[in-house]
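User: I am new to reading protein structures and would like to work through one by asking questions. Please give the reasoning before each result.

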Amino acid sequence: MSAKKSGGSLIAENRKARHYYDLLEFKEAGLVLIGPEVKSLRAHQTSFQDSYVEFRGGEAYLVGLHIAPYANAGYVEQQPDRPRKLLLHDQEIRMLAAGVEQKGYTVVPVKLYFSRGRVKVEIALARGRKLHDHRDELKRRAEAMDVRRELSHRE
């Protein structure tokens, strides 16, 4: 489910995920946060750099998501890069973990958004692209852009 379908407001989008991975299957998950982290997210102070989902003890954790410390948090200790637990059903966790273990896929965050006042993350089961795949994709986009540009000049 995407942020637009749920009526939520987009916090951040992981654009590099679409560049480095073929995204196969999408899931929406809740995120366990502390109060100041939510305030930082409302200010769009987050980064997806090298973030992924890790499975430990039958639970899923979002690792590498950087949420900047909120300046007016007071005495609350904030760790910007701590692993954050994802709220998923057991069946969804088992399915994603099986894809990671058996097929060598990875699970990456794609979007972070608010849905009815709650922070949600859209994650995707993804297969890594090779270097030549990147080049083919860039070539295909450039050709499509040239065609669109040519068609717009004709009208």
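User: Is Arg56 buried, partly exposed or exposed?

Analyst: This is a predicted model, and the area is computed from it. Arg56 has a relative accessible area of 36%. Buried means under 20% and exposed means over 50%, with partly exposed in between. Arg56 is therefore partly exposed.

User: Which residue forms a salt bridge with Arg56, and how far apart are the closest N and O atoms?

Analyst: A salt bridge needs a carboxyl oxygen of Asp or Glu within 4 Å of the side-chain nitrogen. For Arg56 the carboxyl oxygen comes from Glu54, which is partly exposed at 26% relative accessibility. The closest N and O atoms of Arg56 and Glu54 are 2.5 Å apart.

User: Which ring does Arg56 lie over?

Analyst: The Arg56 side chain sits over the face of a ring, at 4.5 Å from the ring centre. The ring belongs to Tyr61.

User: Which residue meets Lys85 in a salt bridge, and which strands hold the two?

Analyst: The side chains of Lys85 and Glu59 meet at 3.1 Å, N to O. The pair ties together parts that are 26 residues apart in sequence, because Lys85 lies in strand β7 (residues 84–87) and Glu59 in strand β5 (residues 59–63). Lys85 is partly exposed at 31%, and Glu59 is partly exposed at 27%. The partner is Glu59, and the strands are β7 for Lys85 and β5 for Glu59.

User: Is Lys27 buried or exposed, and which residue forms a salt bridge with Lys27?

Analyst: At 18% relative accessibility, Lys27 counts as buried. Its closest N atom is 3.6 Å from an O atom of the partner. That partner counts as partly exposed at 33%. The partner is Glu25.

User: How many salt bridges does the structure hold?

Analyst: Some are linked in a network, which includes Glu37, Arg82 and Arg84. Across the structure the number of salt bridges is nine.

User: Why is strand β8 described as largely enclosed?

Analyst: Strand β8 covers residues 106–115. It is largely enclosed by the rest of the structure because the number of its 10 residues that are buried is nine.

User: Which strands pair with β8, and in which sense?

Analyst: Strand β1 (residues 9–13) pairs with β8 over four bridges, with Leu10 standing opposite Tyr113. Nine bridges join β8 to strand β9 (residues 118–128), where Glu122 is the bridge partner of Lys111. The β1 pairing is antiparallel, and so is the pairing with β9, since β8 and β9 run antiparallel.

User: Which residue in the turn between β8 and β9 has a positive phi?

Analyst: The two strands form a hairpin with two residues between them. Most residues other than glycine have a negative phi. One residue of this turn has a phi near 50 degrees, and with a relative accessible area of 81% it is exposed. The residue is Arg116.

User: Where does His44 lie, and what is its phi?

Analyst: His44 lies in the loop between α3 (35–42) and β3 (46–47). His44 is partly exposed, with a relative accessible area of 47%. Although it is not a glycine, its phi is positive, at about 60 degrees.

User: Which backbone oxygen lies 2.9 Å from a polar atom of the Asn14 side chain?

Analyst: Asn14 is found in the loop between β1 and α2, and is buried at 11%. Among the residues that Asn14 touches are Phe48 and Val110. The oxygen belongs to Pro109.

Technical notes
Residues numbered from 1 in each chain as written. Predicted model: local features only at pLDDT ≥ 70, side-chain atom pairs only at ≥ 80, totals over all residues. Heavy atoms only, no water. Buried < 20%, exposed > 50% of the residue type's maximum accessible area, 1.4 Å probe, protein only. Pairing = 2+ DSSP bridges. Lys NZ or Arg CZ within 6 Å of the ring centre and 35° of its normal. Polar contact = N/O pair within 3.5 Å; in protein donor to acceptor, adjacent residues only side chain to side chain. Contact = heavy atoms within 4.5 Å. Lists of a residue's contacts leave out its neighbours within four places in sequence.
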